[in-house]
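Subject: Structure handover

Hello,

Here is the structure for you to take over. My notes on what was found in it follow below.

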Amino acid sequence: MINEPLIKNTVIDGIEYSCIALGKDDFAIPRHMMQGEKQNGYIYRDGKLSPWTWDAFTTIDGIRYFYFEKTSLKPFSSIAYENRSNALVLLRELAEALTKLSKDFVAPQLGLLPVYRFYILDDNSWLILPQDLGDLFSLYYTDEDRFLSLGCFAKGGTEPSFTLIRQFAQFLYYALTSDAPYQEKAIREYNYTEFPLSEYKSYLFPKLDDKTIGFIDFCLHASSKDMRKINGNKKPEENLEWFVEKTASLSWDVENKSKDEYKKVKEELKNNGSVQKFMQKTEQGAKRNNFWRKKGSVIIAITATVIIVGAFLFSYISNLLEPPYTKDMEPTEIIYAFYEAQNELNVSDMTAALKGCKAPQESEVLNLFVNKQTRMAYEQFSPVVRADEWVNEGKPSFNSTMFVYGNSDVVVTEIGENKYQAKLKYYSPYDYNADESTLNNAAQSEAFTYVYDFTQEFELAYNKRGWWNIVNVTDPEISLIEIIKTPYLDK
């Protein structure tokens, strides 16, 4: 779901008006909104923009509203319900309207637009509220309301000029499912991998063309290279021209749905085996990522972190333009180099040979890399004890702010044509079998190093430029074999 502003009619001085709720009337409207010239909103109808003005504020039952000439309208959220069958056309027209409005009027926040500025009129035209009213919503709304109106559409790693294209793709996803793709906390904390539309299809939109689903998936997962190729140097709202153009040929064979119908479908989905597997993987991944964010965390200056990550990304992007350091290696050598880079927390080297896929442990290593570099900058030491070196040195004691991480005893074997299996011992302070309460306590009075049997499979392909690439990496199979009480010096 996303936020649904309350809309109602009221009579003021004998005249009936429409009004939209801002929130509880518990603080004063900013003075500049009470006097002087109001900012115009716009109605977009039949390809033309016409100015629209609101009248004033009123309070009804303790709720502050702004009111205007009586109008029959619905909130943006109706694209998933009574306006669902026409959602693609409506969203194309909204995108088209935004390309025609001035930059100052559109005024994206971090490249995104809050849905409380958009309303659908009975004739399927759009009412777009001015920025000053949008600011008032933000003032009156709770944190949860602001999240469900704007924050749930944010996704890290989006190129600045691509943000509105991705947001409009999320609007299409919402219209099909009644959920924003990243609104669930576990999904945001586990690599922003949304619940696949393909799993919803037979339940909610069986007649929808796969081309339309593919377009949405592309926009949600476009690589930085693809995003930069599409957007060039345009502003986010200017890039919506691309969205309008690409969606012109898409079909939208979708029926309207009620909230009860969505609720029934989502109850049925809970018993679907692939859905259960997806949710289990997502929740476990979110717990693991949360653990790594907590482990070794320190109070740091945000700017320092930005510099560290920025330097890494610059190096990473620069390396994309050059042949990888693995170009002269054979497949087994590449896989050994992959695990060596993981031990070194070198994400650039770990992913150098990857093509069209992502290593499951990449986010984990990136979290540790940032923690390590930050601790090195502020405290002149690394919190990470490299596992293979620790084992070779006889498992010595170390400072309580440090932890063991990495792998040892790596063995790579060929299991098929261009397919390989790696078996190793994996050392981590993370307990894959722990429950939520255990994981929430990252600073326990006693800590442990967990040792796992770790199996992972790779598929490689030889490219036209003359070297091997890893084109697929499986999720690892992990089995606990030993628990070592962490030998702290100060215990």
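**Surface and overall make-up**

The accessible surface of the protein is about 24,100 Å², and carbon and sulfur atoms hold 49% of that area. Please keep in mind that this is a predicted model.

The C-alpha trace spans about 85 × 55 × 45 Å along the principal axes of the protein. There are 19 helices and 15 strands. Of the 491 residues, 48% are buried. Among contacts with a separation of 6 or more, 70% join residues that are 24 or more positions apart.

On charge, the protein carries 55 positive and 69 negative side chains. The centres of these two sets lie 1 Å apart.

**Cavities and a pocket**

How many cavities of 30 Å³ or more does the structure hold? There are two. The largest cavity has a volume of about 40 Å³. Its lining consists of Tyr190, Asn191, Arg288, Asn289, Pro360, Gln361, Ser363 and Glu364. Two helices, α13 (273-294) and α17 (362-379), each give at least two residues to that lining.

The second largest pocket holds about 590 Å³ of space. It is lined by 26 residues, and those nearest its centre are Gln284, Arg288, Tyr432, Asp475 and Pro476. Arg288 therefore appears in two lists, as it also lines the largest cavity. Which element supplies the largest share of the pocket lining? That is α13, with seven residues. Strands β13 (448-462) and β15 (477-485) each contribute at least two residues to the lining as well.

**Individual residues**

Glu159 sits in the loop between α5 (143-149) and α6 (163-177). Is Glu159 buried or exposed? Its relative accessible area is 19%, and since buried means under 20%, Glu159 counts as buried. Leaving aside residues up to four places away in sequence, Glu159 touches Ser224, Met227, Arg228 and Asn231.

Ser50 belongs to strand β4, which covers residues 48-52. With a relative accessibility of 29%, Ser50 is partly exposed, because that value falls between the 20% limit for buried and the 50% limit for exposed. Apart from residues up to four places away in sequence, Ser50 is in contact with Gly41, Tyr42 and Ile43. Ser50 and Tyr336 are 286 residues apart along the chain, and their C-alpha atoms are separated by 64 Å.

The loop between β3 (41-45) and β4 contains Asp46. Asp46 is not a glycine, yet has a positive phi of about 55°. The relative accessible area of Asp46 is 74%, so this residue is exposed, the cut-off being over 50%.

Ala107 likewise has a positive phi, about 45°, without being a glycine. Ala107 is placed in the loop between α3 (103-106) and β8 (118-121). At 22% relative accessible area, Ala107 is partly exposed, because the value is not under the 20% that buried requires and not over the 50% that exposed requires.

Regards

Definitions and conventions
Residues are numbered from 1 along each chain as its sequence is written. This is a predicted model: local features need pLDDT of at least 70, side-chain atom pairs count only at pLDDT 80 or more; totals for chains, interfaces and linings use all residues. Side-chain values use heavy atoms; hydrogens and water are left out. Helices (H or I, at least four residues) and strands (E, at least two) are DSSP runs, numbered from the N terminus. Buried means under 20% relative accessible area, exposed over 50%, partly exposed in between (1.4 Å probe, protein chains only). Contact means heavy atoms within 4.5 Å. Accessible areas come from the Shrake-Rupley method with a 1.4 Å probe; for residues, only the protein chains shown count as cover. Lys and Arg count as positive and Asp and Glu as negative; His and the chain ends are not counted. The place of a charge is taken as NZ of Lys, CZ of Arg, CG of Asp or CD of Glu. On a 1 Å grid over the protein atoms alone, a cavity is a set of points where a 1.4 Å probe fits but cannot get out, and a pocket is an open set with protein on both sides within 12 Å along at least five of seven lines; lining residues have an atom within 4 Å of a point. Grid points are joined across faces, edges and corners, and a volume is the space filled by probe spheres set on the points.
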